[in-house]
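User: I have a two-chain model to go through. Please explain the labels attached to it, and show the reasoning behind each one.

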Amino acid sequence: MTVHIPSALRSYTGQKSEVEAEGRTVAEILSELDRRYPGLRFRIITEQDTIRAHIRIFVNDKQIQSLSATLRSDDHIHIVCALSGG
Amino acid sequence: MATEKGTASLKPAKGPVALLIGTRKGAFILRGDRARRTWKLSHPQFLGQIVHHVVLDPRDRRTMLMAARTGHLGPTVFRSTDQGKTWKEAKTPPAFPKAPDGQTGRVVDHVFWLTPGHASEPNAWYAGTSPQGLFRSDDGGVTWKPFSYINDDPQYREWMGTVQDGTPDGPKLHSIIVDPRDPRHLYFGMSGGGVHESVDGGKTFTTLLEGLDVVEGFDRSTPTVHDPHCVRLCPGNPDRLYQQNHCGIYRIDRPSKQWLRIGNNMPKRIGDVGFPMVVHPRDPETAWVFPMDGTGVWPRVSPGGKPAVYRTRNAGQTWARLNKNFPKSQAWWTVKRQAMTADAHEPVGLYFGTTSGEVWASRTGGANWTCLARHLPEIYSVEAAEL
C-alpha cells in the first residue's frame, strides 16, 4: 500500500513523498517504515505507542486513533503534521 | 583536569573557540580565531528544529551531541563526530519505558540538557529531559537508556510534581554534573524538584536543599517546591558549587550541606533572580550571573530594560556590575539558563545568547562586551567549545 510522507519526515525517506509498504495493521506498517528508515517511527509515535500530539494518521480519508487499525492492500495511508508552530 | 584540591593542572586554553548555539529554530556554530577577535557564523543546521542544547565532547574534541525536536516531531539526539560538519541521529533516543497494559507511562517531550561523562568513561554521556528524566549513553550518544532509579521511583515522581509544578514549557531535569575527581559523584537539578546528589554512581541520590529559599508560603522541606535554575561546579575547586535559583543566588562548599544565599549581597534594586550561572574555569572565587526582573508578575527581562552581567571575585561577598557596550535602555532581554558560558582562556571569555537572538561576547572576563551576531532565532543555549 502507499504511505504518504509529510515534508517534515522526508529527510528519513530520501525526500520521497510516497513509499510503498506492506502490513496488516498501522503498527506493522510503521515498524516496516522504521526498519527501512531508522528513527522515523519515534518522531511520530511515543514510547507508549501513542500517536504524538501534533501528528495525525489517516487511512484513506478516515483518521485512525489506534495503531492496531487493520489495513487492506489497496489502502492509502497519510501521515499528517497537524497544527503546531509559531 | 582538576587535582584533588587545587587548580595547578588547569592551564588556560590557547586554541580557537567555537560557540555552539541552540535556538528555537535550529543550531548555529559561531567559529572564532585564537585571539577571539574574528568570528564567522555558520548557516543554520537543522533549520526549524527546536534545539535545546549542543555540546562538544571535551574528551575527544570532535564529537558533538544536539538535543532537538520540532513542533510536530518527537524528541531526538543528533550526533556528529567531525565537529558539526555532518550529523547522524541517535539509534535509540532517550525514552521512558513502555508502561504495562492498563497503566499510563510517561513520554519524553524534549531532551533538555546534555552532559559529557567523566574523563575515565570516554563514551559516557548524560541527558536530562522534560518531563524530568535522567538518561545515560555509554556509546557516545548512539543509544540511550534510563539511568538510575529516579525516573520510576515513587518518591522521586512525587518530588517531580506535575506539569503544573514545572516551568511553562514543561518541568526539566538539568544541571547534570560529574565530579572531575570521581565518576560516581553526581549532581542534578530539577525545575521543580530541587538539587540532588549521588556518591555511588546513581545507585542512590539524596537531596541537597538546606539553606535554599522557596516561594513564600511553601514548605521548604518539600523538594517539589524547590526550583534550581542552574547549578555549576567550579573546576578550580570541585568542592564548591554555585547555583542560580528561582529564589536567589547560592554557594555551597562541600562537604557542607548548607547553601549560602550570596545573592543577598546583590544590589537590592537588581535583586538576585536569573536563569544562568557561570563559573570561572580556574578561580573558584569568581562567578557571573545575568539578573532578570523577578518582581510582580515576573517579567523575566533585564531589570528596567538595562541589561547587565554581575560578577563576584570573592565567592559572592560583593558583586560588580558589568555592562560596557550594552544598550543603556529599552533592551528587554532574557538570557536562559543554558545560554551563558565561559571559555577557558586567559583572560576568560564570556558569552551569552538572548531571547531576542543576539550573541554577546567579552574577551576580558566581562569588562567590556561586543555583539557577535544579531537576528538569530530565540537562543536557548550557548556553549563555548575549545576546538
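The exchange below takes the labels one at a time.

User: Before the labels, what kind of model is this?

Analyst: It is a predicted model. Every value here is computed from it.

User: Start with chain A. What makes chain A as compact as a globular protein of that length?

Analyst: First its make-up: chain A has two helices and five strands. Along the sequence they follow the pattern β-β-α-α-β-β-β. The radius of gyration is 12 Å, and the globule rule gives 12 Å for 86 residues. The two values are close, so chain A is as compact as a globular protein of that length. Its C-alpha atoms fill a box of roughly 35 × 25 × 25 Å along the principal axes.

User: How much of chain A counts as buried?

Analyst: Of its 86 residues, 27% do. The test is 20 or more other C-beta atoms within 10 Å of the residue's own.

User: Why are strand 2 and strand 4 of chain A placed at the edges of their sheet?

Analyst: The sheet is open, has five strands and runs in the order 2-1-5-3-4, with mixed pairing. Strand 2 (18-20) and strand 4 (62-64) each have a single partner strand, so one side of each has no neighbour in the sheet. The average twist from one strand to the next is 30°.

User: How do you know that strand 3 and strand 4 of chain A pair?

Analyst: Count the bridges. Pairing needs at least two between the strands. Strand 3 (residues 55-59) and strand 4 of chain A have three, in the antiparallel sense. One of the partnerships sets A:Phe58 against A:Gln63 in strand 4.

User: Now chain B. What makes chain B as compact as a globular protein of its length?

Analyst: Chain B has one helix and 27 strands. Its radius of gyration is 19 Å, and the globule rule gives 21 Å for 387 residues. Those values are close, so chain B is as compact as a globular protein of that length. The C-alpha trace spans about 60 × 50 × 45 Å along the principal axes. Of the 387 residues, 53% count as buried.

User: Why is strand 12 of chain B called largely enclosed?

Analyst: Strand 12 covers residues 172-178 of chain B, and six of its seven residues are buried, so the rest of the structure largely encloses it. Strand 12 also pairs with strand 13 (residues 186-191) of chain B, antiparallel, over five bridges. There, B:Ile177 stands opposite B:Tyr187 of strand 13.

User: What makes strand 19 and strand 22 of chain B edge strands?

Analyst: Each pairs on one side only. Strand 19 spans 274-279 and strand 22 spans 320-322. Their open sheet of four strands has the order 19-20-21-22 and antiparallel pairing. Neighbouring strands are turned by 25° against each other on average, direction ignored. Inside that order, three bridges join strand 20 (residues 287-291) of chain B to strand 21 (residues 309-312) of chain B. B:Ala287 has B:Thr312 as its bridge partner in strand 21.

User: Is B:Ser329 buried or exposed, and how do you know?

Analyst: The cut-off for exposed is 12 or fewer C-beta neighbours inside 10 Å. B:Ser329 has 8, so it counts as exposed. B:Ser329 sits in the loop between strand 22 and strand 23 (340-342) of chain B. Leaving aside neighbours within four places in sequence, B:Ser329 is in contact with B:Gly305 and B:Lys306.

User: Which residues touch the most other members of the largest nonpolar core?

Analyst: They are B:Leu19, B:Leu20, B:Ile21, B:Met66, B:Val359 and B:Val382, out of 101 residues in that core. Beyond four places in sequence, the contacts of B:Val382 include B:Leu19, B:Ile21 and B:Val359. Another core, of 20 residues, lies apart from it, and among its members are A:Ile5, A:Leu30, A:Ile51 and B:Leu73.

User: How many residues does each chain bring to the contact between them?

Analyst: Chain B brings 15 residues and chain A brings 16 residues. The chain B side that touches chain A divides into six nonpolar, six polar and three charged residues.

Note on methods: Residues numbered from 1 in each chain as written. Chains lettered and ligands numbered in written order. Predicted model: local features only at pLDDT ≥ 70, side-chain atom pairs only at ≥ 80, totals over all residues. Contact = placed C-beta atoms within 7 Å. Nonpolar A, V, L, I, M, F, W, Y, C, P; charged D, E, K, R; others polar. Axes fitted to C-alpha atoms, helices over the stretch in contact; angles between N-to-C directions. Rg over C-alpha atoms; globule rule 2.2 N^0.38 Å. Core = buried A, V, L, I, M, F, W, Y, C linked by C-beta atoms within 7 Å.
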